[in-house]
Amino acid sequence: MAPAANDIFESAVDYVLRNEGGFVNDPADAGKATNYEITEATLSDWLGREATDDEVRALDLRTAKHIYRVLYWNPLFLYDVTSQPIATCVMDAGVLFGTQASARCAQLALASGYASAPDVDGVMGPETVAALNTVDPSGFVAAFKQALVTRVAQIVAAHPGDQRFRAGWLDRVQRYSALVP
């Protein structure tokens, strides 16, 4: 029996949270202050006004999970994805690189080896979700990881100052393999 959509979400969020620490305010990070990988800008969007560092620091886990659901899980239509490993990888990459980049990398992974691949437009929609629900999770995760490695290279090429984050990003992406039995 397939896990329920809410169980898949909770498992995916737990995975994301294992990758994320608490409050960080690294001056070299464009995200500025972050907590649970919720950036100051994301919290500002959520609140409808500019968030302070103190508000980012005070962000509680319950609110962070709600933000993850509304701003990452739902826009990626992951509630319709039936594979836990696929949903978790796409969610984690959405938090790390943005939902559009995650959707685009998922589509690139599908395009790399599946005849029923959707257009690569960075928009997660019914065609992409349908394709995700027909693929072997192991093969998809391998192709998704490769698409994300390419994305990391693009980020560092465009923003050389982000080179210091490269190894951590790549390590995180490589850990996706452990999600597939």
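This is a short talk on the overall fold, the largest pocket, the cysteines and two unusual backbone angles of one chain.

Hi everyone, and thanks for making time. One thing before we look at the picture: this is a predicted model. The mean pLDDT of the chain is 92, and 95% of the residues reach 70 or more. Where is confidence lowest, and where is it highest? The lowest mean, 87, belongs to strand β1, residues 24-25. At the other end is helix α8, residues 137-158, with a mean of 97. As a general reminder, coordinates should not be read in detail where pLDDT is low.

Now the fold. The chain has nine helices and three strands. If you walk along the sequence, you meet one helix, then three strands, then a run of helices to the end: α-β-β-β-α-α-α-α-α-α-α-α. Along the principal axes, the C-alpha trace spans about 50 × 35 × 30 Å. How does the radius of gyration fit with a compact globule? For 181 residues, such a globule would come out near 16 Å, and the chain has 16 Å, so the two agree. Of those 181 residues, 45% count as buried.

Let's move to the largest pocket, which holds about 740 Å³ of space. Its lining is made up of 27 residues, and those nearest the centre are D29, E37, T39, L96 and W169. Helices α5 (84-97), α8 and α9 (163-174) are the elements that each give two or more residues to that lining. Which of them gives the most? That is α9, with five residues. If you care about chemistry, the lining of this pocket has nine nonpolar, ten polar and eight charged residues.

Next, the cysteines, since somebody always asks. How many disulfides does the structure hold? Zero. Why is C89 not bonded to C105? The closest cysteine sulfur to that of C89 is the one in C105, and at 12 Å it is too far away for a bond. For scale, a pair of sulfurs would have to lie within 2.5 Å to count as a disulfide. Are these two cysteines buried or exposed? C89 has a relative accessible area of 0%, so it is buried. C105 is at 3%, so it counts as buried as well.

Last, two backbone details to look for on the screen. Y36 sits in the loop between β2 (33-35) and β3 (38-39). Its phi is near 55°, a positive value in a residue that is not glycine. F77 also has a positive phi, of about 55°, and is not a glycine either. Where is F77 found? Look in the loop between α4 (61-73) and α5. F77 is partly exposed, because its relative accessible area is 29%, between the 20% and 50% cut-offs. And although F77 and V123 are 46 residues apart along the chain, their C-alpha atoms are separated by 10.0 Å.

To recap: a chain of nine helices and three strands, a largest pocket of about 740 Å³, and zero disulfides. Thanks for listening, and I'm happy to turn the model around on the screen.

How values were computed:
Residues are numbered from 1 along each chain as its sequence is written. This is a predicted model: local features need pLDDT of at least 70, side-chain atom pairs count only at pLDDT 80 or more; totals for chains, interfaces and linings use all residues. Side-chain values use heavy atoms; hydrogens and water are left out. pLDDT is the predictor's confidence in each residue, from 0 to 100. Helices (H or I, at least four residues) and strands (E, at least two) are DSSP runs, numbered from the N terminus. On a 1 Å grid over the protein atoms alone, a cavity is a set of points where a 1.4 Å probe fits but cannot get out, and a pocket is an open set with protein on both sides within 12 Å along at least five of seven lines; lining residues have an atom within 4 Å of a point. Grid points are joined across faces, edges and corners, and a volume is the space filled by probe spheres set on the points. Ala, Val, Leu, Ile, Met, Phe, Trp, Tyr, Cys and Pro count as nonpolar, Asp, Glu, Lys and Arg as charged, and the others, Gly among them, as polar. Buried means under 20% relative accessible area, exposed over 50%, partly exposed in between (1.4 Å probe, protein chains only). The radius of gyration is taken over C-alpha atoms; the globule rule is 2.2 Å times the number of residues to the power 0.38.
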